[in-house]
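Notebook open, coffee at hand. I wanted to look up a few things in this structure and jot them down as I went.

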Amino acid sequence: MANRAVKIFSMLAGTLLATSAFASELVINFDDPNPAPKAGFEAAVEAFKAENPDINVTVNINDREAHKTAIRNFLSANAPDITAWYPGNRMAPFVDAGQFEDISDLWASDANLSSNFEAIKPTMTRDGKQWGVPYSYYQWGVYYRADIFADNGIEKPTTWDGLLAACDTLKGAGITPFTIGTKYLWTAAGVFDYLNLRTNGYEVHNGLTAGEIKYTDDRIQETFKNWTTMLERCSFVDNHATMSWQDAIAPFANGEAAMYVMGNFSVAAYKDAGLTDDQIDFFQFPEITPGLARAEEAPADALFIPSGAKNKENARKFLSFIAQPEIQGEWNKTIGQLPPNSKAPINSDDKFIVQGFETVSTASGLAQFYDRDAPAEMASEGMKGFQEFMIKPERLDAILKRLDKVQMRVYK
Amino acid sequence: MNSSNQSKSTRSQMRSRQQQIAPWIFLTPAALFFSVYVILPIFQSIWISFYAWDGIGERQWVGFENYIELFDDYRFYTSLKNNILWLVLYMLAVPIGLFIALFLNQNIWGMRFYKSMFFFPFVISQVVVGLIFTWFYNPNFGIIGEIWQFFGATPPSILGDERYVTYGIIFAGLWPQISYCMILYLTGLNNVSSDQIEAGRLDGAKGWRMLRFVILPQLWPATFLAIVVTVIGALRSFDMIAIMTQGGPYGSSNVLSYFMFEQALSEYGFRMGYGSAIAVILFLIMLIFISYFLWVMYQDEKRG
C-alpha cells in the first residue's frame, strides 16, 4: 500500500518535472498584419511548432508604424524573444545601445547562415558582428504600364536616353511619365538612390550615406543634374507632396501616369487597384553612366533577438529554422518577395519575382535604401531635401549646403 | 462647568482643525497626480535638454549645445513663425464664435437642432476633421478641385504648397475651435441679465451700441475663457498637422509641438535632448500667456 503511494507520487513528480523541463516559451513580435505577410509568417511559425512541439510559441503581430514606436519601449521594458526589425543603419541605435543580441556564433555555426547568405551578410553586420537573420528582401526598379507602352510603341528602356525618349513620347500622348507620392518622403529617396547609383556607382553612394562624401561634391551635383533633367523631360505627377505611395497608384491605375519607381511590395497594390498581370511589367532602372557596374536597391526584412530575451536558446533555434531554404522559399512565395537564402526556391510563376531575382542576383552591389544606409537624422533631413528639390529645383544649392551642415553634425 | 467648557473648546478646536485639514485631504489626489504627471516631467524635460541622448543608450552632457543649435536651426524659425500664424489666425475663432452664438440665441422652432449642428465639429475627433479637410483640399478629387475646375482654373495644391499649407491647416483647425467658442458664448448669453438689457433699451441703446456697452461687458467671463482655450489650442496644435501634412511639404507647415515630436519620438527621431530643448522653449512661450491669464484671474478675484 505504502509502496503504491510512493510509486504514484514519484510518477506524478516525474510528469511534473518533465513538463517543466520540456515546455518552454518563445515570444515573437512581428510587424505586419496585412493578409499576405501575416499568412507567410504564421505558416513559418506553424512549421516550427510542428518540428518543436515542446516549445510554446506566442505571437504578437503589430501594425508596422506602431511597431516602430513600440520597439523602443518593449526592448527595455518587456523584451520578446524575437522581434522584427530592419538591417543597416536602422538597427544601429539598438545595436549600439546593447539591446540586440550578438548572433555571430549562429552565423558561423549554422549550415545555412554560414554559406547561403553571403550577399546579404554585410547589411546584417555592424562592428564586425552579425545581429539578425533576414527572412525576405525585394527588388526595386521601374514598374510600368505595359499596355500604355505598347499603345505608344515604346520599348522597355535600357539606357538613360532611351528612358528620356520614352518620356517624350508619353508626354506627347498626354500621359505623365512618372507617378510618385512623397507625403511620407521615402519614395523620393528611392528615385535619388537609383539616380546616384547609376550616375556614380555603389562606392560613391555608400560613401555618401556613410558620411565620407559631401552633398555638395561634384559627383553628387552630377546626380542632381540628372534628376533635374528627369524632372524637366520626364516629370512626375502634380501634387505628389500630398499623396502617400498608395494614393499615387490612382493615376497609375487609371492611365494618367505610366511608370513608378518602387519596390516589389507594391505589385499587390497595383492588382488591388484593378490592374492585371498583362498591364503591368518591370524594368531595371536604366544605365546612366555607361559601363558602370550595376548596383541595385534591395532592402531586407529581418528578425532579431533582443538582449533582454528570456528564451534565447529557443530564439536561436527559431532563427536557424527560418534560415532553411524550404522555409524561406515557402514564406516568400506567400508574400511575393525574394528569399535571402541563395539556395531557396523562388516562385517561377511570378514574373516580377523572376525578374527581381535576375536583377538582384546579378547586381554588383546591393544598397539597403537611403533611410537604412544613412543614420536616422541624416535620412530624415535628406529625404525632406529631396522632396523640396522635386518641388523647387531652383533651390538645389541651398538644399545641398543645408544637407552638408546636417551631415557634419550627424557623423561627428 | 469648567470641564464642560473645556470639552466645548476642544470640540471647536477639533472642528476648526478639521476644516483646516479637509481641503488638503481633498486636494491630495489631484496634487499628487499633477506633480507626478505635470510638474515632474517639466523639470525632467529641462534636465534632459542639456544632454545628447537617443532615448535608449548612454546620455552625454552637452550643456547649452542643444539650445545653441536650436537658435541656429532654420526649422525652428519656420516652426516659430507658423506658431505665431496659428496664434493670430486662431483668434478669429473668438469673434466668429460670438457672432454665431448671437445668431443662434433666439427662440424659434428647432433651434436646439441648429445649435447641435453648429456644435457638431467640436464633438467629432480632430483626426476626422483633419481627414475631411485633407479630402476637401485634394486638387484631384476634392471639393476645392471641383470648384476650380468648374471655373476652368487649375486648382491649387493647398497642402502641397509651402505658401498655402499652414493657412489650409489653420482653416481646418478653426472649424472645431469656432464651435467651442460658440458654446462658451451661448452659455454666457444665458446669464446676461434681462434687467440691464431692458434698462439699456430705455436709455435708447440698440444694435451695435447695445452689444458693445451692455452685452459684451457681461460676456467678459465667456470671452476670457474663449481667449484662453484658443491661445492654448493654437500653441499646442499638433493633431491636425500630424494628420494632414506631417509638417510637410519639407517641413514648411511644422509648428513647435510637431517639430519636437519629429525630433524626439517619430520614426527617425532619436534626439531626446534636442526635442526637450524645443519643448522647453515652447513651455516658456506658453508661460508668458499662462502668467498673463493667471494675473488677470487674480485681479478679477481681488475685485471680488
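My entries below cover a sheet, a loop residue and the contact between chains.

Before anything else, I noted that this is a predicted model.

**The sheet.** I began with an open sheet of four strands in chain A, and its order reads S8-S9-S7-S10. The pairing there is mixed. Which strands sit at the edges? I found strand S8 (176-179) and strand S10 (280-283) of chain A there, each pairing on one side only. I also looked up the twist: on average, neighbouring strands of this sheet are turned by 30° against each other, direction ignored.

**One pair up close.** I then picked strand S7 (residues 140-145) of chain A and its partner S10(A). The two run in the antiparallel sense, and I have four bridges down for them. For a register marker I took A:Tyr144, which stands opposite A:Asp281 in S10(A).

**A loop residue.** Next I went to A:Ala210, in the loop that links helix H9 (186-209) and helix H10 (218-234) of chain A. Buried or exposed, or something in between? I wrote down partly exposed, because A:Ala210 has 13 other C-beta atoms within 10 Å, while exposed would take 12 or fewer and buried 20 or more. I also checked A:Ala210 against A:Ala374: they are 164 residues apart in sequence, yet 6.4 Å apart in space, C-alpha to C-alpha.

**Between the chains.** Last, I turned to the contact, which takes 21 residues from chain A and 19 residues from chain B. On the chain B side that touches chain A, I logged nine polar, seven nonpolar and three charged residues.

Terms used. Residues are numbered from 1 along each chain as its sequence is written. Chains are lettered from A and ligands numbered from 1 in the order in which they are written. This is a predicted model: local features need pLDDT of at least 70, side-chain atom pairs count only at pLDDT 80 or more; totals for chains, interfaces and linings use all residues. Two residues are in contact if their C-beta atoms, placed from the backbone, lie within 7 Å. Ala, Val, Leu, Ile, Met, Phe, Trp, Tyr, Cys and Pro count as nonpolar, Asp, Glu, Lys and Arg as charged, and the others, Gly among them, as polar. Two strands pair if DSSP finds at least two bridges between them. Axes are lines fitted to C-alpha atoms, for helices over the stretch in contact, and angles run from 0 to 180 degrees between N-to-C directions.
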